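Here is a short briefing on one protein model. Please keep the sequence and the 3D view open while reading.

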Amino acid sequence: MSMLDARTLAAQLRHPHGEAALAVGESMNRSNGALNQAAISLLAVTAGEQVLEIGPGNAAFAPLLLQAAGSHYLGIELSTAMVDAGNQRLAGTGLADRAAMRHGDAHALPVADASTDAALAVNTLYFWPNLAPVLDELARVLRRGGRLCLAFGDAAFMRGLPFAGDFQLHELDAVELALRVSGFSVSAWRSHRETAIGNDGQARDKHFHLLLAHRR
């Protein structure tokens, strides 16, 4: 991963593909592990809930989302390589009866209206140039009172990453406003900081925001 130039790395993080796809997926798991765990804890899935994850890579964190009895999981991924790897992982961990990965785009989710109890998106906002269409889709598929957790890098921190030059960076207040406009009530905010190795192999002080919102 550290051998990829910044532009190539950015393209792979957006859409893992080709020979590098599996390595990119594992690198994202390592880099995003603590943030994913924090987001999953904030989302707090309960028994019997239907969970949707946007951009889960190879579904490495799906087992943590499925700890509640009778919960079910659907991961929507743009990368077909990650869909295949994720479904293999889910089958290998004995979760195929409760979890699946599907190819799709967050701008047009292949999910029925009001069919989801909880949704999660970790480090995906950078690939949504306009938040409104995706948040409107998430509002469509969530039942009233359903929860959405968004985890994303602080814009000032992200600007210092060499591979993030083409990412769409969203300020915290802009994300909160967009959520409200799309029919959500923001109920919790957490700041997540860590010193860790990033996707480019460099150690950094990292700063992320976690927002929990409920569908009105």
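The points below cover the sheet, the helices on it, the open and closed spaces, and a few loop residues.

This is a predicted model. Its seven-stranded sheet is open and mixed in pairing. The largest pocket holds about 670 Å³ of space. The largest cavity holds about 30 Å³.

**The sheet**

- The strand order is S3-S2-S1-S4-S5-S7-S6.
- Strand S3 (99-103) and strand S6 (184-197) are the edge strands, and each pairs on one side only.
- On average, neighbouring strands of this sheet are turned by 15 degrees against each other, direction ignored.
- Strands of a sheet pair through backbone hydrogen bonds, in either a parallel or an antiparallel sense.
- For S6 and S7 the sense is antiparallel, and their pairing runs over 13 bridges.
- Across from Lys 206 in S7 stands Glu 194.

**Helices on the sheet**

- H2 packs on the sheet and touches five strands: S1, strand S4 (116-122), strand S5 (142-153), S6 and S7.
- The direction of H2 makes about 25 degrees with that of S7.
- Helix H7 (residues 172-181) lies across S5, S6 and S7.
- H7 runs at about 20 degrees to S7.

**The largest pocket**

- Its lining counts 38 residues.
- Leu 13, Val 122, Asn 123, Thr 124 and Phe 127 lie nearest the centre of this pocket.
- Helices H1 (6-14), H2 (21-43) and H6 (155-159) each supply at least two lining residues.
- Strands S1 (50-54), S2 (72-77) and S7 (203-215) also supply at least two each.
- H2 gives the largest share of the lining, with five residues.
- H2 therefore has two roles to look for in the view: it packs on the sheet, and it lines the pocket.
- By class, the pocket lining has 19 nonpolar, 12 polar and seven charged residues.

**The cavity**

- The structure holds one cavity of 30 Å³ or more.
- Leu 125, Tyr 126, Phe 152, Gly 153, Ala 155, Gln 168, Leu 169 and His 170 line the largest cavity.
- Five of these lining residues are nonpolar and three are polar.
- No charged residue is found in the cavity lining.

**Alanines with positive phi**

- Ala 59 is not a glycine, yet has a positive phi of about 65 degrees.
- The loop between S1 and helix H3 (62-65) contains Ala 59.
- Is Ala 59 buried or exposed? Ala 59 counts as buried, because its relative accessibility is 0% and the cut-off for buried is under 20%.
- Ala 114 also has a positive phi, near 50 degrees.
- Ala 114 sits in the loop between S3 and S4.
- Relative accessibility of Ala 114 is 48%, so this residue counts as partly exposed.

**Ser 115**

- Ser 115 is found in the loop between S3 and S4.
- With a relative accessible area of 33%, Ser 115 is partly exposed.
- Which residues does Ser 115 contact, leaving aside its neighbours within four places in sequence? They are Gln 50 and Val 141.
- Ser 115 and Ile 40 are 75 residues apart along the chain, and their C-alpha atoms are separated by 19 Å.

Conventions: Residues numbered from 1 in each chain as written. Predicted model: local features only at pLDDT ≥ 70, side-chain atom pairs only at ≥ 80, totals over all residues. Heavy atoms only, no water. 1 Å grid on protein atoms, 1.4 Å probe; cavity = no way out; pocket = protein on both sides within 12 Å on 5 of 7 lines; lining within 4 Å. Points joined across faces, edges and corners; volume = space filled by probe spheres on them. Helix = DSSP H or I, 4+ residues; strand = E, 2+ residues; numbered from the N terminus. Nonpolar A, V, L, I, M, F, W, Y, C, P; charged D, E, K, R; others polar. Pairing = 2+ DSSP bridges. Axes fitted to C-alpha atoms, helices over the stretch in contact; angles between N-to-C directions. Contact = heavy atoms within 4.5 Å. Buried < 20%, exposed > 50% of the residue type's maximum accessible area, 1.4 Å probe, protein only.
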